[in-house]
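This report is written for a reader who meets this structure for the first time. It begins with a single residue and then widens to the chain and its cores.

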Amino acid sequence: MKRAAVIPDILARVVAWTVVVPVALVAVAPQWLELPGAELERAGVALLHLAIGIGATLWSAAALRPRLGVVIEDAFGRRSDRANAASGSTTMTYALFGLAFTAFALPGAFDDPLVALSGTVGGVLVFLGIATTVITVRSVSRRNARERYRRVVERARADAQQSVGDVLATAPPRYAAPPSRW
Amino acid sequence: MLVSTFYLLYLGISIGVTIWVARTLSRNGRVFLVNGFGAEDVADSVNHMLVVGFYLVNIGYVALALKNGSRPVDLVSGIEFLSYKVGIVLVVLGAMHLFNVFVISRWGRVMTRAGHA
């Protein structure tokens with residue numbers, strides 16, 4: 001799908017959920033509408049914080065998984081089963097910690113709802129960003145270590161073959177001839 | 001009204017600079033990554049993950065720093081507020097950029113050494 005087509009699709013989903021969630025909440029528990037203004041404001045900020053935090057966590061996990069898969073697949077010598085398992089479990093751990101941090105970082109008492117929301121959402125984004133960077137650096141470093149090891153083994157193997165070739169060229173083995181001529 | 005204007009200006013400038021730095025880093029960093037890794041798909045994946053991390057950390061910091069410090073009450077304090085906040089964001093961006101450049105150059109060095117040892 002082209003990028004231009006993806007963006008309206010995402011926008012449509014966001015708009016749909018922005019309408020669906022409040023309507024569903026009011027339908028399930030109409031007493032929400034009778035809450036005093038300050039409490040309703042706090043509930044609204046908390047719900048928005050959860051929506052943005054969960055959305056950011058799931059979006060970044062979805063962006064991370066295929067790219068991490070490519071790096072890990074390269075590290076495992078193009079073994080896609082292991083790469084799938086490794087990237088899946090890493091992304092799942094990332095998403096779980098991200099969701100937990102989002103849940104813990106709910107805004108407390110505040111004067112200005114938008115500033116409070118910005119602060120708590122900012123904290124979640126910084127946490128997710130640091131986690132993404134750490135996962136990237138760690139997985140690429142491990143991939144590089146494996147690649148280095150592979151090259152060392154390849155070079156050692158080539159050296160060994162070359163040495164055997166040299167030895168055979170200078171001094172043919174006793175059993176170089178077929179068994180009938182031993 | 002004044003407070004909202006300065007908050008919006010702060011958000012606009014900070015997010016704009018973040019996007020500009022991220023695009024510059026990803027465009028120029030890709031060349032070094034392709035050179036280091038040899039494989040273009042791996043280099044593009046690593047590049048994308050670094051950019052996602054960069055955006056999350058910096059936009060998160062921009063949002064987090066909004067509530068810190070005093071609110072502007074007049075035009076002069078508004079300009080001071082804007083200058084201080086944008087300055088801090090630029091320092092954080094510079095630190096993240098430096099970190100990414102350091103990581104990319106280290107990977108390139110390691111892979112080049114492994115290839116020519």
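B:Ala22 sits in helix α1 of chain B of this predicted model. With a relative accessible area of 2%, B:Ala22 falls under the 20% limit and therefore counts as buried. Apart from neighbours within four places in sequence, the residues in contact with B:Ala22 are B:Val51, B:Phe54 and B:Tyr55. The C-alpha atom of B:Ala22 is also 12 Å from that of B:Leu98, although 76 residues separate the two along the chain.

**The chain around this residue**

Chain B contains three helices and zero strands, and its pattern along the sequence reads α-α-α. The radius of gyration of chain B is 18 Å, well over the 13 Å that the globule rule gives for 117 residues, so the chain is more spread out than a compact globule. The C-alpha trace of chain B spans about 65 × 20 × 20 Å along its principal axes. Of the contacts in chain B with a separation of 6 or more, 81% join residues 24 or more positions apart.

The following table gathers values for chain B.

| Property of chain B | Value |
|---|---|
| Share of the 117 residues that are buried | 43% |
| Exposed area | about 6200 Å² |
| Share of the exposed area from carbon and sulfur atoms | 68% |
| Positive side chains | 9 side chains |
| Negative side chains | 5 side chains |
| Separation of the centres of the two charge sets | 6 Å |

**Nonpolar cores**

In soluble globular proteins, nonpolar side chains tend to be buried together. The largest nonpolar core here has 35 residues, and those with the most contacts inside it are A:Tyr94, B:Leu33, B:Phe37, B:Val46 and B:Trp107. Both chains supply elements that give two or more residues to this core: from chain A these are α2 (37-75), α3 (80-104) and α4 (113-170), and from chain B they are α1 (2-37), α2 (40-64) and α3 (75-116). Another core, of 18 residues, lies apart from the largest one, and B:Tyr10, B:Ala22, B:Val62 and B:Ala65 are among its members. The residue with which this report began thus belongs to that second core.

Within the largest core, A:Tyr94 is one of the residues with the most contacts. Not counting residues up to four places away in sequence, A:Tyr94 touches A:Thr57, A:Ser60, A:Ala61, A:Leu64, A:Leu128, A:Ala131, A:Thr132 and A:Ile135 in chain A, and B:Leu56 in chain B.

Technical notes
Residues numbered from 1 in each chain as written. Chains lettered and ligands numbered in written order. Predicted model: local features only at pLDDT ≥ 70, side-chain atom pairs only at ≥ 80, totals over all residues. Heavy atoms only, no water. Helix = DSSP H or I, 4+ residues; strand = E, 2+ residues; numbered from the N terminus. Rg over C-alpha atoms; globule rule 2.2 N^0.38 Å. Buried < 20%, exposed > 50% of the residue type's maximum accessible area, 1.4 Å probe, protein only. Contact = heavy atoms within 4.5 Å. Areas by Shrake-Rupley, 256 points an atom, 1.4 Å probe, with all protein chains shown as cover. Lys, Arg positive; Asp, Glu negative; His and termini not counted. Charge placed at Lys NZ, Arg CZ, Asp CG, Glu CD. Core = buried A, V, L, I, M, F, W, Y, C linked by side-chain atoms within 4.5 Å.
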